[in-house]
Amino acid sequence: TTRARYSLRALIDIARHQEGGPVRAADVAERQQVSQGYLERILNHLVEAELIQSRKGPGGGFLLARPIKDITVRQVFRASGEELLTAPCLYDDCESECPLSSTCPARDVWSGLRNVADEYLEGRTLAEFCDPSFRAGGEKKNGLRPLRSSAGS
């Protein structure tokens, strides 16, 4: 969702610009081309999740609450209130929605895919995305390889 994407972009932006002190929400909103009001709601969730700190008053703004190497992308998703689900049958209330929930032959596929995605997100930290030499998907990480197009095959 936009909330998860903007949460991640906001944290990376703050990490990249906090050397000079707290980063203003207005500056993040401008750089990320996000409504300041919407961004401020997102930042409040990130403060509640203890991923960032808020400093009030003149010269105030936001700072990471811990080192960038200690903040995972999975934590950002959770703080935004989002979960990465690959199919509706993985929701808690699937049993009431689907008569095949207990015998579905495909449920294990979706569950396995979610587990791989969760492991991948847990293994990625903000430090990687703040490193200018890092290129997402450029190497094998957490058992995942970059996608290759089958169009050229």
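These are my notebook entries on what I looked up in this predicted model.

**Entry 1: the whole chain**

I began with the overall layout, and I found seven helices and two strands in the chain. Following the sequence from its start, I wrote the pattern down as α-α-α-β-β-α-α-α-α. I then looked up burial, and of the 153 residues in the chain, 33% are buried. For contacts between residues at least 6 apart in sequence, I noted that 55% join residues at least 24 apart.

**Entry 2: helices α1 and α2**

Next I asked myself at what angle the axes of α1 and α2 cross. Helix α1 covers residues 2-17 and helix α2 covers residues 25-32, and their axes come within 10 Å and cross at roughly 115 degrees. I therefore entered α1 as roughly perpendicular to α2, and I added that the crossing is right-handed.

I also listed the residues that meet there: Arg-9, Ala-10, Asp-13, Ile-14 and His-17 on the side of α1, and Val-28, Arg-31 and Gln-32 on the side of α2. Sorted by kind, the residues of this contact are three nonpolar, two polar and three charged.

**Entry 3: the loop between α1 and α2**

In the loop that joins α1 to α2 I looked up Arg-24. Is Arg-24 buried, exposed or partly exposed? Its relative accessibility is 46%, and because partly exposed covers the range between under 20% and over 50%, Arg-24 counts as partly exposed.

I then followed Arg-24 to a part of the chain further along: its C-alpha atom is separated by 8.3 Å from that of Gly-59, although the two residues are 35 residues apart along the chain. Setting aside the neighbours within four places in sequence, I found Arg-24 in contact with Gly-60 and Gly-61.

**Entry 4: an aromatic pair**

I searched the whole structure for aromatic pairs, and the search gave one. It consists of Tyr-6 and Tyr-38, which are arranged edge-to-face, with 5.8 Å from centre to centre and 75 degrees between the planes. I reminded myself that a pair of aromatic rings is described by the distance of the centres and the angle of the planes.

Where in the chain do Tyr-6 and Tyr-38 lie? Tyr-6 is in helix α1 and Tyr-38 is in helix α3 (residues 36-48), so the pair links distant parts of the chain, 32 residues apart. I checked the accessibility of each partner as well: Tyr-6 counts as buried at 18% relative accessibility, whereas Tyr-38, with a relative accessible area of 24%, is partly exposed.

**Entry 5: positive phi in two loops**

I looked for residues other than glycine with a positive phi, and I noted Gln-33, where phi is about 55 degrees. Gln-33 lies in the loop between α2 and α3, and it is exposed, with a relative accessible area of 70%.

I made a matching note for Glu-50, which is not a glycine and has a positive phi near 60 degrees. Glu-50 sits in the loop between α3 and β1 (52-55), and at 58% relative accessibility it counts as exposed.

**Entry 6: Thr-125**

Last, I turned to the loop between α6 (107-123) and α7 (126-130), where Thr-125 is found. Which residues does Thr-125 touch, not counting those up to four places away in sequence? I wrote down Ile-68, Lys-69, Ile-71 and Thr-72. Thr-125 counts as buried, because its relative accessibility is 14% and buried means under 20%.

Terms used. Residues are numbered from 1 along each chain as its sequence is written. This is a predicted model: local features need pLDDT of at least 70, side-chain atom pairs count only at pLDDT 80 or more; totals for chains, interfaces and linings use all residues. Side-chain values use heavy atoms; hydrogens and water are left out. Axes are lines fitted to C-alpha atoms, for helices over the stretch in contact, and angles run from 0 to 180 degrees between N-to-C directions. Helices (H or I, at least four residues) and strands (E, at least two) are DSSP runs, numbered from the N terminus. Angles under 35 degrees count as roughly parallel, over 145 as roughly antiparallel, 65 to 115 as roughly perpendicular and the rest as oblique. A crossing is left-handed if the near helix is turned anticlockwise from the far one by less than a right angle, and right-handed if clockwise. Contact means heavy atoms within 4.5 Å. Ala, Val, Leu, Ile, Met, Phe, Trp, Tyr, Cys and Pro count as nonpolar, Asp, Glu, Lys and Arg as charged, and the others, Gly among them, as polar. Rings of Phe, Tyr and Trp (its six-membered ring) pair if their centres lie within 6.5 Å; planes under 30 degrees apart count as stacked, over 60 as edge-to-face and the rest as tilted. Buried means under 20% relative accessible area, exposed over 50%, partly exposed in between (1.4 Å probe, protein chains only).
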